[in-house]
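Biologist: Please take me through this model. I want each label justified by its value.

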Amino acid sequence: MNSAARRALVRAAPAAALLLAVTACSGKAQENAPAAPSTAPTSPGEQQNSTPPVPPVPSERSTAMDIRVTLDGRPVDAILNDSPAARDFAELFPLTLDLKDFHSTERVADLPRKLDTSGAPTPAAAKVGDIAYYAPWGNLALFYRDGPAPSADLLILGHLDIGADQLGSATRITIEAAS
């Protein structure tokens with residue numbers, strides 16, 4: 001999957017989840033809601049005064065965030081999701097970390113402080129290229145192989161568009177906000 005397609009997918013996932021949640025919640029509400037008044041004119045020739053619906057105002061951070069990543073001196077396309085933990089992670093930028101291997105699956109590094117994990121999304125298993133945060137240890141994990149089963153302790157923060165071989169041998173990462 002190319003970089004543009006992966007970014008589009010990462011950006012669309014939160015919107016799809018929100019749409020499913022709203023749809024699920026609104027179905028029950030409509031069962032119990034009183035019938036809406038008719039919008040048809042009450043007599044021939046009479047017009048109802050209606051105003052067009054106001055579109056919702058998007059939040060300041062309703063989409064994923066592009067970041068600038070350099071692995072061993074080479075730029076890598078990357079994106080963070082819109083989770084509270086990812087936003088807290090971005091507060092640490094610019095950040096340069098030394099990476100070490102962990103279980104022949106991920107490259108890990110200690111962060112300067114623990115991240116806010118409130119409002120964490122449903123756990124998901126990490127995939128190749130995922131940027132994740134392991135809450136119990138407070139460290140960053142970059143997966144170059146698919147990770148273990150989903151765990152509430154592992155929060156996916158974003159994704160790197162890079163091959164497993166290059167990521168698996170990386171020793172240093174620099175992460176900055178994209179300008």
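The talk below goes from the overall fold to a strand, a loop residue and a set of rings.

Biologist: What is the overall make-up?

Modeller: This is a predicted model. The protein has three helices and nine strands. From the N terminus on, the order is α-β-β-α-β-β-β-β-β-β-α-β. Of the 179 residues, 32% are buried. The exposed surface is about 11100 Å², and carbon and sulfur atoms supply 57% of it.

Biologist: How many of the contacts between residues at least 6 apart join residues at least 24 apart?

Modeller: The share is 65%.

Biologist: What makes strand β8 largely enclosed?

Modeller: Strand β8 covers residues 154–161, and seven of its eight residues are buried, so the rest of the structure largely encloses it.

Biologist: How do you know that β8 pairs with β2?

Modeller: Two strands pair if there are at least two bridges between them. Strand β2 (residues 74–80) and β8 have four, in the antiparallel sense. The criterion is therefore met. In this pairing I79 stands opposite H159.

Biologist: And what makes β6 and β8 a pair?

Modeller: They share five bridges, again antiparallel. The cut-off is at least two, so they pair. Y134 stands opposite L154 of β8.

Biologist: Why is N81 called buried?

Modeller: Its relative accessible area is 18%. Buried means under 20%, so N81 qualifies. N81 sits in the loop between β2 and α2 (84–90).

Biologist: Which residues are in contact with N81, leaving aside neighbours within four places in sequence?

Modeller: They are A64, A86, I156, L157 and G158.

Biologist: Why is the link from N81 to S83 called a polar contact?

Modeller: The two side chains come to 2.8 Å. The limit is 3.5 Å for a suitable pair of N or O atoms, so the label fits. The N81 side chain also reaches the backbone oxygen of I156, at 2.7 Å.

Biologist: Now the rings. How many aromatic pairs are there?

Modeller: The count is three. One of them is F102 with W137, at 5.5 Å centre to centre and 90° between the planes.

Biologist: Why is that pair called edge-to-face?

Modeller: Pairing needs centres within 6.5 Å, and edge-to-face needs planes over 60 degrees apart. With 5.5 Å and 90°, F102 and W137 therefore meet both conditions.

Biologist: What makes it a link between distant parts of the chain?

Modeller: F102 and W137 are 35 residues apart. F102 lies in strand β4 (residues 100–102), and W137 in the loop between β6 (130–134) and β7 (139–143).

Biologist: Is W137 buried or exposed?

Modeller: W137 has a relative accessible area of 52%. Exposed means over 50%, so W137 is exposed. F102 has 27%, which falls between the two cut-offs of 20% and 50%, so F102 is partly exposed.

Biologist: What makes Y134 and W137 edge-to-face?

Modeller: Their centres are 5.1 Å apart and their planes 75°. The angle is over 60 degrees, so the term applies. Y134, with a relative accessible area of 25%, is partly exposed.

Biologist: Which residues do ring pairs link into a cluster?

Modeller: F102, Y134 and W137.

Methods
Residues are numbered from 1 along each chain as its sequence is written. This is a predicted model: local features need pLDDT of at least 70, side-chain atom pairs count only at pLDDT 80 or more; totals for chains, interfaces and linings use all residues. Side-chain values use heavy atoms; hydrogens and water are left out. Rings of Phe, Tyr and Trp (its six-membered ring) pair if their centres lie within 6.5 Å; planes under 30 degrees apart count as stacked, over 60 as edge-to-face and the rest as tilted. Buried means under 20% relative accessible area, exposed over 50%, partly exposed in between (1.4 Å probe, protein chains only). Contact means heavy atoms within 4.5 Å. Accessible areas come from the Shrake-Rupley method with a 1.4 Å probe; for residues, only the protein chains shown count as cover. A polar contact is a pair of N or O atoms within 3.5 Å; within protein, one must be able to donate a hydrogen and the other to accept it, and residues adjacent in sequence count only if both atoms are side-chain atoms.
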